[in-house]
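Please look over the sequence and the structure below before reading on. The text that follows goes from one region to the next.

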Amino acid sequence: MNYSKINIDNLLGENRRILITGGAGFIGTNLIIRLLENSSLIIYSLDKLGYASSLWPVKKFLSESDIKIKSRFTFLKVDLSNPSDISNAIKEADPDFIIHLAAESHVDRSIVSPDCFIKSNIVGTFNLLTSCKNHYENLILERKLNFKFLHVSTD
């Protein structure tokens, strides 16, 4: 199947709001660029800007894009270990769809500093889910029926 031919708006709906955590990571930046190019989604990128983050790919793409594409993107600097910051980000983004990519990676680092990984990957994901649950409970029925949360993880 040629995935570049998939109409994202047909899958997710036109002008839907999407929140992507880990949006400054390798997968996040490439996903954001692809979605900005091939959909009408309103995209909120959330990232704490850690050691594996880079805003450069999306900034470069946006610098070469028209105002319509630029107006559909917002970056939020948020650490998932801070519940109130996550809650505020969810309120601002008001998402219909969340793709959770944020995580500490590099398994070798988890052996040296497991507390950082627990705080980010476990506690951060719990905080995000808690805020998402509160957000979901306040959606109107039609939005509840179409709301999605996708958690992507590797190591």
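## A walk through the model

The largest pocket is lined by 33 residues, and those nearest its centre are Leu-101, Ala-102, Ala-103, Glu-104 and Ser-105. The model is a predicted one. In volume, the largest pocket comes to about 740 Å³. Rolling a probe the size of a water molecule over the atoms shows where empty space is left.

Which parts of the chain supply at least two residues each to the lining of the largest pocket? They are helix 2 (26-38), strand 2 (42-47), helix 6 and helix 7 (114-137). Helix 7 gives the most, with 4 residues in the lining of the largest pocket. Sorted by kind, the lining of the largest pocket holds 13 nonpolar, 15 polar and 5 charged residues.

Helix 6, one of the contributors to the lining of the largest pocket, spans residues 107-112 and includes Val-112. On the surface, Val-112 forms a nonpolar patch with Val-107 and Ile-111. Together the three have about 330 Å² of accessible area. Val-112 counts as exposed because its relative accessibility is 71%, and exposed here means over 50%.

Helix 7 also holds a salt bridge, between Glu-137 and Lys-133. The closest N and O atoms of Glu-137 and Lys-133 are 3.3 Å apart. Glu-137 and Lys-133 are 4 residues apart in helix 7, so about one helical turn separates them. Is each partner buried, partly exposed or exposed? Glu-137 is partly exposed, with a relative accessibility of 43%, and Lys-133 is exposed, with a relative accessible area of 51%. The salt bridges of the model number 5.

The next stop is a loop. The loop between helix 5 (83-93) and strand 4 (97-100) contains Pro-95, and Asp-94 and Asp-96 are found there as well. Pro-95 has a relative accessible area of 0% and is therefore buried. In sequence, Pro-95 and Ile-20 are 75 residues apart, while their C-alpha atoms are separated by 9.6 Å. Asp-96 has a counterpart of this kind in Asn-15, which is 81 residues away along the chain and 10.0 Å away in space, C-alpha to C-alpha.

Which residues are linked to one another in a network of salt bridges? The network consists of Asp-94, Asp-96 and Arg-143. Side chains of opposite charge can pair when their charged atoms come close. In the salt bridge between Arg-143 and Asp-94, the closest N and O atoms are 3.0 Å apart. Arg-143 belongs to helix 8 (residues 141-146) and Asp-94 to the loop between helix 5 and strand 4, so this pair ties together parts that are 49 residues apart in sequence. The side chains of Asp-96 and Arg-143 also meet in a salt bridge, at 2.8 Å from N to O. This second pair again links distant parts of the chain, with Asp-96 in the loop between helix 5 and strand 4 and Arg-143 in helix 8, 47 residues apart.

How far are the members of this network covered by the rest of the protein chain? Arg-143, at 22% relative accessibility, counts as partly exposed. Asp-94 is partly exposed too, with a relative accessible area of 27%. Asp-96 has a relative accessible area of 10% and is buried, because buried means under 20%.

The backbone adds one further point about Asp-94. Asp-94 has a positive phi of about 45°, although it is not a glycine. Leu-49 likewise has a positive phi in a residue other than glycine, and its value is near 60°. Where does Leu-49 lie? Leu-49 is placed in the loop between strand 2 and helix 3 (56-63). With 34% relative accessibility, Leu-49 counts as partly exposed.

Strand 2, which comes before the loop that holds Leu-49, is also among the elements that supply at least two residues to the lining of the largest pocket.

Conventions: Residues numbered from 1 in each chain as written. Predicted model: local features only at pLDDT ≥ 70, side-chain atom pairs only at ≥ 80, totals over all residues. Heavy atoms only, no water. Patch = residues over 30% accessible without salt bridge, like charges linked within 9 Å, V, L, I, M, F, W, Y side chains within 5 Å. Areas by Shrake-Rupley, 256 points an atom, 1.4 Å probe, with all protein chains shown as cover. Salt bridge = Lys/Arg side-chain N within 4 Å of Asp/Glu carboxyl O. Buried < 20%, exposed > 50% of the residue type's maximum accessible area, 1.4 Å probe, protein only. 1 Å grid on protein atoms, 1.4 Å probe; cavity = no way out; pocket = protein on both sides within 12 Å on 5 of 7 lines; lining within 4 Å. Points joined across faces, edges and corners; volume = space filled by probe spheres on them. Nonpolar A, V, L, I, M, F, W, Y, C, P; charged D, E, K, R; others polar.
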